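I set out to look up the cysteines first and the backbone angles of some loop residues afterwards, and I kept a short note for each.

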Amino acid sequence: ILEVKLEKEPLPKQKVKPPFNFDTTQNSVVIPTGELIKNKDCDFRIILGISGLSNCDDISKEGDNTRYVSVNKLNRRAIGMCKTIGIDISNYNKKIRTLLRKKSKEFRLVERPGLNNTMVKCYEMNYEPGGFVTIPVDKAERCLLTLGNNPIKLYCNLLWLCQYNGEFKPTHVPQSTLATLMGLSPKSDKIVRASMQTLINNDLIEVTKIKELHTIYDDEGLPVSQTREKYLYNIIVENEDDF
């Protein structure tokens, strides 16, 4: 080798388009958060992907509502969803069966009237006020591509825990509480912290660690100081159309 020339060109930031995109004309994806999110074996990547394909009869209705997607439509899009979240089709089908076995109104198989007096098999998702969150479509697609099940569950929980009167506010939630809401043991603080860091790395939340010095008196009446840590979670809103 007489000579080697190297050219270096840093890659700029650019939007990553996943193999699976949501087929919806709406600005946000609705995620039910009442029951299934508290089950450890329920994969919310599947819930998020299916919700992104779903429709509802009355999009102007606020509060409780019902969304649905036909089994045929979901089957046509299943390969793209599997490629996006990194599982094979057999694992995907297993996760669908797990959701159905919960017999929850948040995800069930029903028949709906179709064309020419036919009945169409559909997956139906019901949700009630206080039992769902919304994620902007572009952000939801990014979540599906980059996040695992636990970070998505944590993000959905934080979306409603940090919201007050329609606005997001920095909020302290004990990690044991977050773990329980994700379907984990209250002592699963390592999983919660790892999920939290994933959300931070993906510019979805901001977290402030606060150290508090508490002074108490022991049995002998002497002051004893203890340091306690807690986290303030805040949702990152990128523009006015978010949420």
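**Cysteines**

I looked for disulfides in this predicted model, and the count comes to 0. I took a pair of cysteine sulfur atoms to be a disulfide when they lie within 2.5 Å. For Cys 82 I find no disulfide, since the nearest cysteine sulfur, which belongs to Cys 42, is 17 Å away. I then checked whether Cys 82 is buried or exposed; with a relative accessible area of 5%, Cys 82 is buried, because buried means under 20%.

Cys 143 is likewise in no disulfide, and here the nearest cysteine sulfur is that of Cys 156, at 7.7 Å. I record Cys 143 as buried too, because its relative accessibility is 2%.

**Positive phi values**

Which loop holds Asn 117? I find Asn 117 between β4 (108–113) and β5 (119–127), and its phi is near 60 degrees, a positive value in a residue that is not glycine. At 81% relative accessibility I count Asn 117 as exposed, because the cut-off for exposed is over 50%.

My next entry concerns Asp 203, a residue other than glycine whose phi is positive, near 60 degrees. I place Asp 203 in the loop that runs between α7 (189–201) and β10 (205–217). Is Asp 203 buried, exposed or partly exposed? Its relative accessible area is 48%, so I note Asp 203 as partly exposed, the class that lies between under 20% and over 50%.

Note on methods. Residues numbered from 1 in each chain as written. Predicted model: local features only at pLDDT ≥ 70, side-chain atom pairs only at ≥ 80, totals over all residues. Heavy atoms only, no water. Helix = DSSP H or I, 4+ residues; strand = E, 2+ residues; numbered from the N terminus. Buried < 20%, exposed > 50% of the residue type's maximum accessible area, 1.4 Å probe, protein only.
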